[in-house]
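Please work through the following exercises with the sequence and the structure at hand. Each task is followed by a solution in steps.

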Amino acid sequence: MVFKYLSCRGERPFAPTNEFTPTSTPKTTEVVGVDLGIKTLATLSTGEVFKSIKPYKKAQNRLAKLQRQLSKKVKHSSNWYKAVVKLAEQHRRVANIRKDALHKLTTYLAKNHGTVVIEDLNVSGMLGNHKLAKSIADQGFYEFRRQLEYKCQWYGCELVVADRFFPSSKTCSRCGHVQDMPLNIRTYDCPECGLSIDRDLNASINLRNTVSLTVNACG
Ligand SMILES: [Zn+2]
């Protein structure tokens, strides 16, 4: 409790943005493609994988349980108030878990990569697929893009959003062959060049290549 009061009266825990000095950081990788998905939060073209926000799912189940409990209480009774407080606390916990995972990912991307290529998720992933649409909302992909935009500015990284019609999942990242890839198929098997690769990794490499190709064409 003492700490609570201290933080209220003392210095602000977070510096206001106008006092923050953006600093460009040294980059370990020039260009990275990032594929956001259901099974994993993010797959990078370097082969790195950020796992799905599991604790969030667990916390969400508890959230639903608390909501049910609340609905059974007599409104404005002391038990009802207790349930309201519990529910609010759980909401905050869930929000924090999500924010934390996204901050870790976006900071890592912006600090260590010269260019980050992501998909335009407004359309591509959500075409009539409710499960995917829900997952996109749950995992906070819009928040992901928002964070990435300002962190790329902070850390001197370029953010590229691939064309929304670019078939990153359907294209072979080695030979360019294009085939249908229903969501349940987790491995990309290319009949043309024989490449067999994780679906998300293939997509992230394609995203990365969109930038490499542009650079080569200009050079
Ligand atoms: Zn191929």
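**Exercise 1: Helix 5**

Task: determine what span the 15 residues of helix 5 (residues 141–155) should have, and compare that span with the distance between the end C-alpha atoms.

Solution. Helices (H or I, at least four residues) and strands (E, at least two) are DSSP runs, numbered from the N terminus. The expected span is 1.5 Å times one less than the number of residues. For helix 5 this gives 21 Å, and because its end C-alpha atoms are 20 Å apart, the two values agree.

The model is predicted: local features need pLDDT of at least 70, side-chain atom pairs count only at pLDDT 80 or more, and totals for chains, interfaces and linings use all residues. Residues are numbered from 1 along each chain as its sequence is written.

Next, consider burial. A residue is buried if 20 or more other C-beta atoms, placed from the backbone, lie within 10 Å of its own, exposed if 12 or fewer, and partly exposed in between. In helix 5 the buried residues are Phe141, Phe144, Leu148, Lys151 and Cys152. Viewed down the helix axis, these buried residues fall within an arc of 105° (taken from the directions from the axis to the C-beta atoms), so they line one face of helix 5. After the helix comes Gly156, whose phi is positive, near 65°.

**Exercise 2: The sheet**

Task: establish in what order the strands of the open sheet lie, and which strands are at its edges.

Solution. Strands of a sheet pair through backbone hydrogen bonds, either parallel or antiparallel. Two strands count as paired if DSSP finds at least two bridges between them. The open sheet has 5 strands in the order 3-2-1-4-5, with mixed pairing. Strand 3 (49–51) and strand 5 (158–161) are the edge strands, each pairing on one side only. From one strand to the next, the twist averages 20°. Helix 3 packs on this sheet, touching strand 1, strand 2, strand 3 and strand 4, and its direction makes about 130° with that of strand 4. Axes are lines fitted to C-alpha atoms, for helices over the stretch in contact, and angles run from 0 to 180 degrees between N-to-C directions. Residues are in contact if their C-beta atoms, placed from the backbone, lie within 7 Å.

Now take strand 1 (residues 29–36), of whose 8 residues 6 are buried. Strand 1 pairs with strand 4 (residues 113–118) in the parallel sense over 5 bridges, and Thr29 has His113 as its bridge partner in strand 4. With strand 2 (residues 40–44), strand 1 runs antiparallel, joined by 3 bridges. Leu36 stands opposite Ala42 in strand 2, and the two strands form a hairpin with 3 residues between them.

**Exercise 3: Two residues compared**

Task: decide whether Val117 is buried or exposed, and do likewise for Lys99.

Solution. Val117, in strand 4, is buried, because 26 other C-beta atoms lie within 10 Å. Its contacts, leaving aside residues up to four places away in sequence, include Val31, Val160 and Leu207. Lys99, in helix 3 (residues 78–112), is partly exposed, with 13 other C-beta atoms within 10 Å. The C-alpha atoms of Lys99 and Gly140 are separated by 8.2 Å, although these residues are 41 residues apart along the chain.

**Exercise 4: Two helices**

Task: describe how the axes of helix 3 and helix 5 cross.

Solution. The axes come within 9 Å and cross at roughly 35°. Among the residues that meet are Leu102 and Thr106 in helix 3, and Phe144 and Leu148 in helix 5.

Key
Contact = placed C-beta atoms within 7 Å.
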